[in-house]
Amino acid sequence: MTDMPRYLRECLHTGKLACLAMLVSGGIVMQILACALYNNWWPMLTVIMYVILPMPLMFFAGSDTSSLYSESGSGWLNATKFLTGASTVGSIAIPIILKHAGVIGWGAMALELSSFFVLVLSILCYLGMNEEDGYSML
């Protein structure tokens, strides 16, 4: 990308950020629709897990996301991976448990899980942009 003009590179960066914002917005809209369409607000319990999910990463990993992909690490890094994984499993399990208990229907569960996967896709896109394009705060 070094041979491209500066204005074109900035336009591509802006387009990536706009796409990322649309992904996050779509995930949030799907989350709200899962509740509003079926007039049942129990699926909003997943939002608690969405809030808890990045906490271990912020507290223990800091801004160095490349260490999350390595197999060796300190005890804090292993704790971060474990807590993040537990929160991720909880984000998937809550709608499934609510469906199994008969609290929500199939449509609400499908929208909840779709919302989760859209939000995960946006997080992965952000991490990819952060590493390759220099969006990091370092």
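**Figure 1. Buried residues of helix α2 in the predicted model.** In this predicted model, helix α2 spans residues 45–52, and T46, M49 and Y50 are its buried members named here. These three residues lie on the same side of α2, because they cover an arc of only 105° around the axis. A general rule helps in reading this view: an α-helix has 3.6 residues a turn, so residues three or four places apart point the same way.

**Figure 2. The fold as a whole.** The protein contains five helices and zero strands. Read from the N terminus, the order of elements is α-α-α-α-α. Of the 138 residues in the protein, 30% are buried. Among contacts with a separation of 6 or more, 64% join residues that are 24 or more positions apart. The protein exposes about 8,800 Å², and 73% of this area is supplied by carbon and sulfur atoms.

**Figure 3. The largest nonpolar core.** Seven residues form the largest nonpolar core: M49, I94, L98, I104, A108, M109 and L113. Two elements, α4 (75–100) and α5, give two or more residues to this core. Helix α5 gives the most, with three residues. One core member, M49, is also among the buried residues of helix α2. In general, nonpolar side chains in soluble globular proteins tend to be buried together.

**Figure 4. The surroundings of L98.** L98 belongs to the largest nonpolar core. Leaving aside residues up to four places away in sequence, L98 touches W42, P43, V103 and I104. Of these partners, I104 is itself listed in the core.

**Figure 5. S115 in helix α5.** Helix α5 covers residues 106–132 and includes S115. S115 counts as buried because its relative accessibility is 0%, and the limit for a buried residue is under 20%. When residues up to four places away in sequence are not counted, S115 touches G27, M30, Q31 and Y50. Y50 has appeared already as a buried residue of helix α2.

**Figure 6. G27 in helix α1 and its partners.** G27 is placed in helix α1. With a relative accessible area of 0%, G27 is buried. Its contacts, not counting residues up to four places away in sequence, are with S115, V118 and L119. A related pair is G27 and F116: these residues are 89 residues apart along the chain, yet their C-alpha atoms are separated by 7.0 Å.

**Figure 7. N39 in the loop between α1 and α2.** N39 lies in the loop that links α1 (6–36) and α2. The phi angle of N39 is near 50°, which is a positive value in a residue other than glycine. N39 counts as exposed, because its relative accessibility is 66% and the exposed class begins over 50%.

**Figure 8. A nonpolar patch on the surface.** M58, F59, F60, W76, F82 and L83 make a nonpolar surface patch of about 730 Å². Helices α3 (55–61) and α4 each supply at least two residues of the patch. F60, a residue of this patch, is found in helix α3. F60 is described as partly exposed because its relative accessible area is 35%, a value in between the limits of under 20% for buried and over 50% for exposed.

Methods
Residues are numbered from 1 along each chain as its sequence is written. This is a predicted model: local features need pLDDT of at least 70, side-chain atom pairs count only at pLDDT 80 or more; totals for chains, interfaces and linings use all residues. Side-chain values use heavy atoms; hydrogens and water are left out. Helices (H or I, at least four residues) and strands (E, at least two) are DSSP runs, numbered from the N terminus. Buried means under 20% relative accessible area, exposed over 50%, partly exposed in between (1.4 Å probe, protein chains only). Contact means heavy atoms within 4.5 Å. Accessible areas come from the Shrake-Rupley method with a 1.4 Å probe; for residues, only the protein chains shown count as cover. A nonpolar core is a set of buried Ala, Val, Leu, Ile, Met, Phe, Trp, Tyr and Cys residues joined through side-chain atoms within 4.5 Å. Patches are made of residues with over 30% relative accessible area and no salt bridge: like charges are joined within 9 Å, nonpolar side chains (Val, Leu, Ile, Met, Phe, Trp, Tyr) within 5 Å. A salt bridge is a side-chain nitrogen of Lys or Arg within 4 Å of a carboxyl oxygen of Asp or Glu. The arc is that of the directions from the helix axis to the C-beta atoms.
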